[in-house]
Amino acid sequence: LESIEDIVLALEKREFVLFYQPKVNMQTGEVIGVEALIRWQHPVRGLIPPLDFLPVIEGKAISLELGERVIENALTQISQWQSAGLNLPISVNISAYQLQQDNFATRLAALLSAHPEVNPYCLELEILETSALNDINKVFATMSACNMLGVRFALDDFGTGYSSLTYLRRLPAQLIKIDQSFVRDMLEDAEDCAIVEGIIGLAKSFRRDVIAEGVETMHHGRELLQMGCELAQGYGIARPMPAGDIHEWVSNWK
Ligand code: G
Ligand code: G
Ligand code: NA
């Protein structure tokens with residue numbers, strides 16, 4: 001793991017970059033957006049993955065600064081793609097700690113107002129570690145305020161952790177992401193398959209969109225489509241890639 005001091009310096013030196021992983025509709029072939037995934041572009045050691053540095057700063061003020069920078073960079077990227085004729089929503093990962101800050105919606109509004117050219121509907125926030133959300137009424141209020149700004153939410157890693165169902169019922173998230181652990185083994189494991197099927201059914205009952213993550217093969221994709229899940233993300237579609245590669249990938253897709 002990295003040291004906090006090095007991470008603070010890296011933030012000052014703007015060494016954090018976003019990679020983007022496409023999300024598609026397997027039924028229509030449409031690219032529905034991309035998920036932003038942070039990496040540390042270290043001048044000597046190359047790309048450092050998020051799990052080597054995010055846990056070091058989790059719950060600390062510096063993670064809030066980094067979290068804002070990620071949203072800022074995503075908005076700038078949406079704007080740049082838009083100017084190049086590419087309308088691509090970006091989903092950004094946010095920690096439970098970040099979402100539970102009192103000023104979260106206010107800060108988000110400020111970031112959006114710096115980009116009046118960007119439709120807030122193009123920004124989606126994926127809530128990580130929902131089991132770490134402790135005051136559901138407060139989180140509901142924050143999310144509603146963000147919804148009013150036009151920003152949408154996704155519940156990440158759905159099905160893992162505690163109280164997923166309470167969060168589905170109570171929180172205004174428009175999308176749920178089926179955790180990749182269930183998707184990976186769904187073709188061999190009848191119980192994982194049942195969980196995937198159950199989550200798709202729940203999403204439909206609650207009128208939420210549902211996306212499968214960790215779709216590694218066409219076979220997985222076909223099976224998911226048959227189960228009624230049209231949206232997918234995973235190595236079988238595309239790996240996370242630098243922003244500069246996205247335009248060409250979108251042009252060549254399908
Ligand atoms: O890209 P990779 O699979 O290495 O990401 C590992 C984990 O890091 C994922 O669970 C992802 O949600 C998380 N992660 C990636 N980018 C960000 C980010 O910008 N902010 C936060 N809080 N988590 C991120
Ligand atoms: O939990 P979250 O959605 O933030 O996780 C995204 C992480 O999962 C990223 O680090 C990404 O690199 C990784 N990932 C994306 N697609 C696949 C896949 O098909 N298989 C595996 N093993 N990991 C994936
Ligand atoms: Na995510």
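This report walks through a predicted model of a protein with two ligands, from its overall build to a few local details.

Before the tour, a word on conventions: residues are numbered from 1 along each chain as its sequence is written, while chains are lettered from A and ligands numbered from 1 in the order in which they are written. Since the model is predicted, local features need pLDDT of at least 70 and side-chain atom pairs count only at pLDDT 80 or more, whereas totals for chains, interfaces and linings use all residues.

**Overall build**

The protein has eleven helices and ten strands; these are DSSP runs numbered from the N terminus, with helices (H or I) of at least four residues and strands (E) of at least two. Its C-alpha atoms fill a box of roughly 50 × 45 × 40 Å along the principal axes. The radius of gyration is 18 Å, in agreement with the value near 18 Å for a compact globule of 254 residues; that rule is 2.2 Å times the number of residues to the power 0.38, over C-alpha atoms.

Of the 254 residues, 35% count as buried. Here a residue is buried if 20 or more other C-beta atoms lie within 10 Å of its own, exposed if 12 or fewer, and partly exposed in between, with C-beta atoms placed from the backbone. Contacts (C-beta atoms, placed from the backbone, within 7 Å) reach far along the chain: among those with a separation of 6 or more, 65% join residues 24 or more positions apart.

**The core**

The largest nonpolar core holds 63 residues, and those with the most contacts inside it are Ala 74, Ile 90 and Ile 176. Such a core is a set of buried Ala, Val, Leu, Ile, Met, Phe, Trp, Tyr and Cys residues joined through C-beta atoms within 7 Å. Helix H3 (residues 61-83) supplies the largest share of this core, seven residues. Leaving aside residues up to four places away in sequence, Ile 90 touches Ala 74, along with Gly 33, Val 34, Ala 36, Gln 77, Ile 78, Cys 122 and Leu 123.

**Two ligand shells**

A residue is near a ligand if its C-beta atom, placed from the backbone, lies within 6 Å of it. Around ligand 1 sit Leu 37, Ile 38, Pro 49, Pro 50, Leu 51, Leu 54, Val 70, Asn 93, Ser 95, Leu 128 and Pro 240. By class, that shell has nine nonpolar, two polar and no charged residues. Ligand 2 is surrounded by 13 residues, the closest being Gly 214, Glu 216, Gly 234, Tyr 235 and Pro 240. Its shell has four nonpolar, five polar and four charged residues. Ala, Val, Leu, Ile, Met, Phe, Trp, Tyr, Cys and Pro count as nonpolar, Asp, Glu, Lys and Arg as charged, and the others, Gly among them, as polar.

**Strands S7 to S9**

Two strands pair if DSSP finds at least two bridges between them. Strand S7 (residues 175-178) runs parallel to S8, joined by four bridges, with Leu 175 opposite Asp 209. S8 also pairs in the parallel sense with strand S9 (residues 231-232), over two bridges; there Ile 211 has Leu 231 as its bridge partner.

**Two arginines with positive phi**

Neither residue below is a glycine, yet phi is positive in each.

| Residue | Phi | Loop | C-beta neighbours within 10 Å |
|---|---|---|---|
| Arg 14 | near 55° | between helix H1 (4-12) and strand S1 (16-25) | 10, exposed |
| Arg 207 | near 55° | between helix H9 (190-205) and strand S8 (209-212) | 7, exposed |

Terms used
Contact = placed C-beta atoms within 7 Å.
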